[in-house]
Amino acid sequence: MQKDDHPGSIIASRSTHSWWTRALLVLAPVFFVVDQWCKSQVMRAESSLSHLVGAVGIEPLHNTRLFIWIPVPSWLLLVLTSVVFFAATALLVLTRGRRSAVQTVALSWILWGGASNLIDRIRFDATIDYLRIGGIVANIADFLIIAGILMLLLWPHTSSNSDHTNLLPTKNS
């Protein structure tokens, strides 16, 4: 009913959210590059790294396990990581046009995080974790994967034509 050029129209508000969606999609490869750079720095200066404040710091960890604590043979971890990576890629390609903006961003973040950890598994036979937060040591790729999974679980699974596809609330809600 409203015209496209009307500032309060649904299309105008969607284009604003579309910008946010694009920004979040661009963040995934940026986080990938930053994660790979941090891993290279950690690997280069491993012996000279120190903790920051309290329970937060930099601590290199060659994680040969699944989720830090589950012992799994290296070959199986490489297979599992590859399967998750290719499954996310397949979902991203096969559901094009039928998924919400949130699902697109979530799958993209899982894909980029999985790619970073897959590169580690291939190069080092382990994932390189370096961020200590409390009792956990992780990396940026892990946070991308977790954030992507949380987005898939917490936002509604609707088609791209639905009002619930935006990552930010509309002015009317």
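**Group meeting: a walk through the predicted chain**

If we read the protein chain from the N terminus on, its elements run α-β-α-α-β-β-α, which gives four helices and three strands. Please keep in mind throughout that what you have in front of you is a predicted model, and that the values I quote are computed from it.

Let me begin with the chain as a whole. Of the 173 residues in the protein chain, 36% are buried, and the chain exposes about 10,600 Å², of which carbon and sulfur atoms supply 70%. As for how the chain contacts itself, if we take the contacts between residues at least 6 apart in sequence, 69% of them join residues at least 24 apart.

One such long-range link can be seen among the aromatic residues. The count of aromatic pairs comes to four, and one of them is formed by F31 and W109, whose rings are edge-to-face, at 6.2 Å centre to centre and with 90° between the planes. Because F31 lies in helix α1, residues 10-44, and W109 lies in helix α3, residues 101-124, this pair ties together parts that are 78 residues apart in sequence. How does each partner count in terms of accessibility, F31 and W109? F31 has 29% relative accessibility and so counts as partly exposed, whereas W109, at 11%, counts as buried.

From there I would like to turn to strand β2, which covers residues 127-133 and includes T127. T127 has a relative accessible area of 4%, and is therefore buried. Which residues does T127 touch, if we leave aside those up to four places away in sequence? They are L61, H62 and N63, then N117, D120 and R121, and finally N139.

Finally, the surface, where a nonpolar patch is formed by V56, I133, F143, I146, I149, L150, L153, L154 and W155, with about 850 Å² of accessible area together. Helix α4, residues 140-154, gives the most to this patch, with six residues. L150, one of the patch residues, is found in helix α4. Is L150 best described as buried, partly exposed or exposed? Its relative accessibility is 41%, and since a residue has to be over 50% to count as exposed, L150 counts as partly exposed.

To close, I would ask you to look again at two places in the predicted model: the edge-to-face pair of F31 and W109, and the nonpolar patch on the surface, to which helix α4 gives the most.

Key: Residues are numbered from 1 along each chain as its sequence is written. This is a predicted model: local features need pLDDT of at least 70, side-chain atom pairs count only at pLDDT 80 or more; totals for chains, interfaces and linings use all residues. Side-chain values use heavy atoms; hydrogens and water are left out. Patches are made of residues with over 30% relative accessible area and no salt bridge: like charges are joined within 9 Å, nonpolar side chains (Val, Leu, Ile, Met, Phe, Trp, Tyr) within 5 Å. Accessible areas come from the Shrake-Rupley method with a 1.4 Å probe; for residues, only the protein chains shown count as cover. A salt bridge is a side-chain nitrogen of Lys or Arg within 4 Å of a carboxyl oxygen of Asp or Glu. Helices (H or I, at least four residues) and strands (E, at least two) are DSSP runs, numbered from the N terminus. Buried means under 20% relative accessible area, exposed over 50%, partly exposed in between (1.4 Å probe, protein chains only). Rings of Phe, Tyr and Trp (its six-membered ring) pair if their centres lie within 6.5 Å; planes under 30 degrees apart count as stacked, over 60 as edge-to-face and the rest as tilted. Contact means heavy atoms within 4.5 Å.
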